[in-house]
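Biologist: Please take a close look at a single part of this model, setting out what surrounds that part, and then place it in the context of the whole. I should also like to know how far the prediction can be relied upon.

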Amino acid sequence: MSQSEAAEPSAPSTVTPGMEKVFTRSPLLGTNTHSLCPGCGEPNAVRVLMENIEEMGERENTVCVLGIGCYTAFAALMDVDCQQAMHGRAPAQATGLKRVLPDRLVFTLQGDGDMITEGIQEVIHAAARGEKITAICLNNAAFGETGGHMTATSVIGQRTKSTLEGRTPERHGYPIRLPEMLMGFEGVAYLARGTVHTPAGVKKTKKLLRAALETQRRGLGFSLVEVVTMCPTGWFVTPGEGPKFQQENLLPVFPVGELKRPRSLTV
Amino acid sequence: MSVVKQVETAGAGAAPGAPRAFLEGGHALAEGAIQAGCRFYCGYPMTPSTEVLEYMARRMPQVGGVCINVEAEIEGINMVWGATGGGVRSMIASTTNGMSLMQESMSEMVLGRVPAVIVNMGRGQGDYFQCTRGGGHGSHRMIVLAPGSAQEAVDTAYRAFHLAEKWRHPVLIYGDFMLSHTSETVSFAPPPDTLDPLPAKTWVTDGARGRKPRLLTSLGMRLKEDASAGAPAEIGPGGGHGGTDTTRPMRDTVARHREIAAVETRVETAWLDDAKMVITAFGIVGRFARYAAKLAREEGMKVGYVRPYTLVPFPYETYADVGSRGIPVAVFENNAGQMVQDVRLGVEGRAPVHFIGEISMDGSGFGVGPKIDALHVLEKIREVYPRRNAA
């Protein structure tokens, strides 16, 4: 996944005559490189997230509160103010920040291990209070940073270093579908799940994130997007096999699409 | 070598014409915080910090601030982290067990240099170790202030926010049930030592308006404008993983605490010049010890008095001076003997150190037991007073 500086898309002056420039790195991404594993899905999600913030004109009005996981390293790449939170606690930290600076765009960037395993209380109460923040969960169904251990979203049958023969309901319980769980909360305005394992999925995820951020900008309530991301390292497959593994094993458990949307939202 | 300053005693903070009120200690501290500019408060109800929450729930909306009744102390401490990071003076109060829950975040707020104010209205004085050492991790130390009266609670609220921003360091205020519930007349004026200009708030992450983005972190990432270190740094190749020095916040914290100890140590002392024995206690219990020392002097016992106001940094030098004169020290605390360890570190074997305190609670276990009594302390003084040396 890492792009080298040499591979940076051409500047406009060097676009071949007759060719249209259709893609460039968002100026809100500090560099073209990241330190995550080959085949990781998280950079895809962060890229479209930053594109949204740029397109919304919110670069100087945004604060990201980061959980603890591989994606914490994106603090170095995202050209917005960032606060690092304790493992699982980002929704609480974002609440404090948003309450004292209600006109800022405040989002959390967390993983499934951070938001759903360690910190489910924080996200549930933030949702119930209807905090006007956007919670973003990068769900790869594994603790990637520790090297592939079971999280609360690991799917039945998934092999991890702590479920060696695969997750079983008898011994390890069932995976949690957080957006579905929050459906009945009055304070929740927007819920969606996206994927980044196909180009179409990345494009759709960008729209879901935009809708969530717009929900916050309009003060309509709590918004959450879960993005299913590839973690070939944590799934013990090759980078190339990541999207197929995700399609076959994760997406049946975590269906993509919008679950809840404010009627007034037109984005 | 530290300069140990005298802390102004109760009531001395009153300035002519300053607004006055008759308030119990918990409410006095809360109002002091509001007067000091606190505009975000959250708490989980638990006696005796509940009173701070109740007061803030009424007062914060009146001053345009925020008060949240949180669902857990762990959420609360992290809300305070976020609000402080937004540049707003923020405070949380909890009690004993709730403080135990917050230890992870408190440790990291020291390492990440988040200048919040945290209050432990404890049950008795059994949290001395928790407050001064903590259950936390990673070479962290708190700045810990222990007010002994409602007026000092007011002064301490001003001072806590001042010290927090001066050193870019969280500050812990340690009171107890008796302080929280004892009503006294207080006046509201910032103590003179809190009027110095404060450094620029380089930690504030409020949307990077007209400046480079900042990262507020305890992980030692060297990034962007680097709100962590306060010094500009470049993004390392590969981002955070490449630019991280996780030991730096710990080393910096240790070094900073040497600086803090050198200039911020505060203590209340009395009658040390002719003392044949010294009684020492902290917090509101110190007032019983001071009165007992006065009664002892009326009986002809030359008893001196020391009350540490800063538990961290601890006034070791004061005890070193006492110890170097061979004067025995009696430590009275409402616990099984915790501050006595710091007293021994200060005395360093040069004089006897007697522990004369004990756990003394009422039926509720909240901390106003029968032994928190000047006549009881006087009796303990009589037991350990060095008769052979008596004048």
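**Helix 13 of chain B and its setting**

Modeller: The cover over the buried residues of helix 13 of chain B includes four elements of chain B: strand 12 (277-280), helix 10 (285-298), strand 13 (303-308) and strand 15 (329-331). The model is a predicted one. Helix 13 of chain B spans residues 374-384, and its buried residues are B:Val377, B:Leu378, B:Lys380 and B:Ile381. Viewed down the helix axis, these residues lie within an arc of 160°, so they line one face of the helix. On the face turned away from this buried side are the exposed residues B:Leu375 and B:Glu383. The general geometry is familiar: an α-helix has 3.6 residues a turn, so residues three or four places apart point the same way.

The chain around this helix comes next. Chain B contains 13 helices and 16 strands. Its radius of gyration of 21 Å is close to the 21 Å given by the globule rule for 391 residues, so chain B is as compact as a globular protein of that length. The C-alpha trace spans about 70 × 45 × 40 Å along the principal axes of chain B. Of its 391 residues, 59% count as buried. Among the contacts in chain B between residues at least 6 apart in sequence, 79% join residues at least 24 apart.

A second part of chain B offers a contrast to the helix. Strand 5 of chain B (residues 90-94) is mostly covered, with five of its five residues buried. Both of its faces are covered: B:Ser90, B:Ile92 and B:Ser94 are buried on one side, and B:Met91 and B:Ala93 on the other. Strand 5 runs parallel to strand 3 (residues 40-43) of chain B, and four bridges join the two. Strand 5 also pairs in the parallel sense with strand 6 (residues 117-122) of chain B, again over four bridges. B:Met91 takes part in both pairings: B:Met91 is the bridge partner of B:Tyr41 and stands opposite B:Val117 in strand 6.

Two glycines of chain B may be read alongside this strand. B:Gly76 is found in helix 3 (residues 73-85) of chain B. B:Gly76 is buried, because 28 other C-beta atoms lie within 10 Å, and 20 or more suffice for that class. Leaving aside residues up to four places away in sequence, B:Gly76 touches B:Cys42, B:Gly43, B:Tyr44, B:Val70 and B:Ile92. B:Ile92 is one of the buried residues of strand 5. The C-alpha atoms of B:Gly76 and B:Gly87 are eleven residues apart along the chain and separated by 17 Å.

B:Gly136 lies in the loop between helix 6 (128-132) and strand 7 (143-145) of chain B. B:Gly136 is also buried, with 20 other C-beta atoms within 10 Å. Its contacts beyond residues up to four places away are B:Gln103, B:Glu104, B:Met106 and B:Ser107. From B:Gly136 to B:Val347 the C-alpha distance is 27 Å, with their positions 211 residues apart in sequence.

Chain A completes the setting. Chain A has nine helices and seven strands. With 267 residues, a compact globule would have a radius of gyration near 18 Å, and the 18 Å of chain A agrees with this. Of the residues of chain A, 55% count as buried.

The contact between the chains takes 38 residues from chain A and 43 residues from chain B. On the side of chain A, the elements giving two or more residues are strand 1 (62-66), strand 2 (81-84), helix 2 (90-100) and helix 4 (120-128). Helix 2 of chain A gives the most, with eight residues. The residues on this side divide into 16 nonpolar, 15 polar and seven charged. Strand 2 of chain A runs parallel to strand 10 (residues 215-216) of chain B, joined by two bridges. B:Leu216 is the bridge partner of A:Gln83.

As to reliance on the prediction, the model scores ipTM 0.92 and pTM 0.93. Chain B averages a pLDDT of 90, and 90% of its residues score at least 70. Over residues 224-242 of chain B, however, the pLDDT is below 50, although this stretch has 58 contacts in the model beyond near neighbours in sequence. Where pLDDT is low, the predicted coordinates should not be read in detail.

Methods
Residues are numbered from 1 along each chain as its sequence is written. Chains are lettered from A and ligands numbered from 1 in the order in which they are written. This is a predicted model: local features need pLDDT of at least 70, side-chain atom pairs count only at pLDDT 80 or more; totals for chains, interfaces and linings use all residues. A residue is buried if 20 or more other C-beta atoms lie within 10 Å of its own, exposed if 12 or fewer, and partly exposed in between; C-beta atoms are placed from the backbone. The arc is that of the directions from the helix axis to the C-beta atoms. Two residues are in contact if their C-beta atoms, placed from the backbone, lie within 7 Å. The radius of gyration is taken over C-alpha atoms; the globule rule is 2.2 Å times the number of residues to the power 0.38. Ala, Val, Leu, Ile, Met, Phe, Trp, Tyr, Cys and Pro count as nonpolar, Asp, Glu, Lys and Arg as charged, and the others, Gly among them, as polar. Two strands pair if DSSP finds at least two bridges between them. pLDDT is the predictor's confidence in each residue, from 0 to 100.
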